[in-house]
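Biologist: I am new to this one. Can we go through the helix packing and the ligand site step by step?
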Amino acid sequence: MNADQRMTDVDSWRRLPAAQQPDWPDPDALKGVLEELASYPPLVFAGECDQLRERIARVAKGEAFLLQGGDCAETFDAITADQVRDKVKTLLQMAAVLTYATSVPVVKIGRIAGQYSKPRSRPIEVRGDLTLPVYRGDAVNGQEFTAEARRPDPERLKRMYHASASTLNLIRAFVTGGYGDLRQVHEWNRDFVNNSPIGARYEALARDIDRALTFLAACGADPGEFHLAEFWSSHEALLLDYEAALTRTDSRTGHSYDVSGHMVWIGERTRQLDHAHVEFAASVRNPVAVKLGPSSTRDDVLGLIDRLDPEREPGRLSFITRMGRDKVRDVLPSLIEIAAEAEAPIAWICDPMHGNTFEAATGHKTRHFDDVLDEVAGFFEAHRGLGSHPGGIHIELTGDDVTECVGGGHPIGLTDLHRRYQTACDPRLNRYQALDLAFQVAELYAD
Ligand code: PEP
Ligand code: MN
């Protein structure tokens, strides 16, 4: 294939309809921004994307577990050292527990450093007499309900790039500068177990991990893996103009990579087979994922496999299933069987958040901790029943002490939601709920 043909490949999505794109008011301004973005350095390297593809290949083969998590929507004003640190710390703590419980490596991926745009169910929002464009994420417009804030502004795409760059810089510093040290991470888990009201429940598991670490130390084992954690970035590839401006040809291989993040996924609302998002994902070599909701059909699954993983390459394609606790046991098994018939080495990831959202009487969008856990249980049951590997979980969470989801060990009730309801979009598990979930998922996995 020559360079011109590759150009056509990478641009072929432009000929197809793309759902959920903003109505940018000034096309010339957008063009200028995209040209500038196309000249910026990559946020991640193609070789790193290849490494992550190899790690996910192990998930697809049943030799690793995957933990993906972070905000529903990142916001520019939340990029502080403390917030990024606490999110990464929470994910590392969850991963330590899951590593012990699954006895396999845990591939740690943030919904982070690029998760700035959102698909929405309606293009407009009405409040009283005023109708305005809906908030589509900080990459597009502002949350404030004023005409000025809600006007899509392409300059925000540049802020998204810089926000992603500074977040990635912090993450790289944290995980190589001591935060990734397994013993340190375990100490934080000990604090959680000792100081949380339900900590006693997890005492035995924490003590087992203590013993394993002490045993290894006594043997003189001090592998590099204990000091350094691998941590990858991911986001929904929603704004195709941005993703395309960050797509580069790798000089080593001549392949195209979306260098805005290590892994990108296609959401439930933009996975139409004959639309632009699937076409774009087909044109890049990153590991990619697609969300599958309860209405997914046989043709959807087979079509996505053929478009996105024609070579049946382990690690290339993950399905993130988000069925809802009441549907997962009925719907998921047939999808797993269809993929198996197509001999597709899928990494199966459970998103137990998006099928379990409801509105509280106070108007807050929320999720119940028990529903989230039950969907993970249903996901494990479905895979165990078929002999396939329950590859991992995908969670909306924050390292902060928010009150957005109900239930959990530090129980939050429906009437507590208003206290610290801070999300820019969907409700996230707070730090305690996230750790609680990791311990409970660990117990479920081990059963
Ligand atoms: C999300 O992950 O925030 C999201 C919008 O999910 P889905 O595409 O599954 O609805
Ligand atoms: Mn969400």
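Modeller: Start with one helix pair in this predicted model. H4 and H15 run roughly parallel to each other.

Biologist: What makes H4 and H15 roughly parallel?

Modeller: Helix H4, residues 81-102, and helix H15, residues 431-446, pack at an angle of about 15°. Angles under 35 degrees count as roughly parallel, so the label fits. Their axes lie 9 Å apart, and the crossing is right-handed.

Biologist: Which residues of H4 and H15 meet?

Modeller: From H4, the contact includes Asp 86, Thr 90, Gln 93, Met 94, Val 97 and Leu 98. From H15, it includes Arg 431, Ala 434, Leu 435, Ala 438 and Phe 439. By class, the residues of the H4 and H15 contact divide into twelve nonpolar, three polar and two charged.

Biologist: H15 has another partner, H14. Why are H14 and H15 called roughly parallel?

Modeller: Helix H14, residues 369-386, packs with H15 at an angle of about 30°. The cut-off is under 35 degrees, so roughly parallel is the right term. The axes of H14 and H15 are 11 Å apart. Their crossing is right-handed.

Biologist: What makes up the contact of H14 with H15?

Modeller: Phe 369, Val 372, Leu 373, Val 376, Ala 377 and Phe 380 come from H14. They meet Gln 433, Leu 437, Gln 440, Val 441, Leu 444 and Tyr 445 in H15. The contact of H14 with H15 has ten nonpolar, two polar and no charged residues.

Biologist: Now H2 and H6. How do you know that they are roughly parallel?

Modeller: Helix H2, residues 27-39, and helix H6, residues 155-176, pack at an angle of about 20°. Roughly parallel means under 35 degrees, so the pair qualifies. The axes of H2 and H6 are 8 Å apart. H2 gives Val 33, Glu 36 and Leu 37 to the contact, and H6 gives Glu 155, Leu 157, Lys 158 and Tyr 161. Those residues divide into four nonpolar, no polar and three charged.

Biologist: On to the ligand. Which residues surround ligand 1?

Modeller: Cys 72, Pro 119, Gly 267, Glu 268, Arg 269, Lys 291, Arg 322, His 354 and Asp 426. Of this shell, two are nonpolar, two polar and five charged.

Biologist: What does UniProt list as "binding site"?

Modeller: The unreviewed UniProt entry lists Cys 72, His 354, Glu 396 and Asp 426. They are spread over 355 residues of sequence, yet they cluster in space.

Biologist: What distance shows that they cluster in space?

Modeller: The largest C-alpha distance among them is 10.0 Å.

Biologist: Where does His 354 sit?

Modeller: His 354 is in the loop between strand S11, 347-350, and strand S12, 357-359.

Methods
Residues are numbered from 1 along each chain as its sequence is written. Chains are lettered from A and ligands numbered from 1 in the order in which they are written. This is a predicted model: local features need pLDDT of at least 70, side-chain atom pairs count only at pLDDT 80 or more; totals for chains, interfaces and linings use all residues. Axes are lines fitted to C-alpha atoms, for helices over the stretch in contact, and angles run from 0 to 180 degrees between N-to-C directions. Helices (H or I, at least four residues) and strands (E, at least two) are DSSP runs, numbered from the N terminus. Angles under 35 degrees count as roughly parallel, over 145 as roughly antiparallel, 65 to 115 as roughly perpendicular and the rest as oblique. A crossing is left-handed if the near helix is turned anticlockwise from the far one by less than a right angle, and right-handed if clockwise. Two residues are in contact if their C-beta atoms, placed from the backbone, lie within 7 Å. Ala, Val, Leu, Ile, Met, Phe, Trp, Tyr, Cys and Pro count as nonpolar, Asp, Glu, Lys and Arg as charged, and the others, Gly among them, as polar. A residue is near a molecule or strand if its C-beta atom, placed from the backbone, lies within 6 Å of it. UniProt positions are given in the numbering used here, feature names are shortened, and annotations may be inferred rather than shown by experiment.
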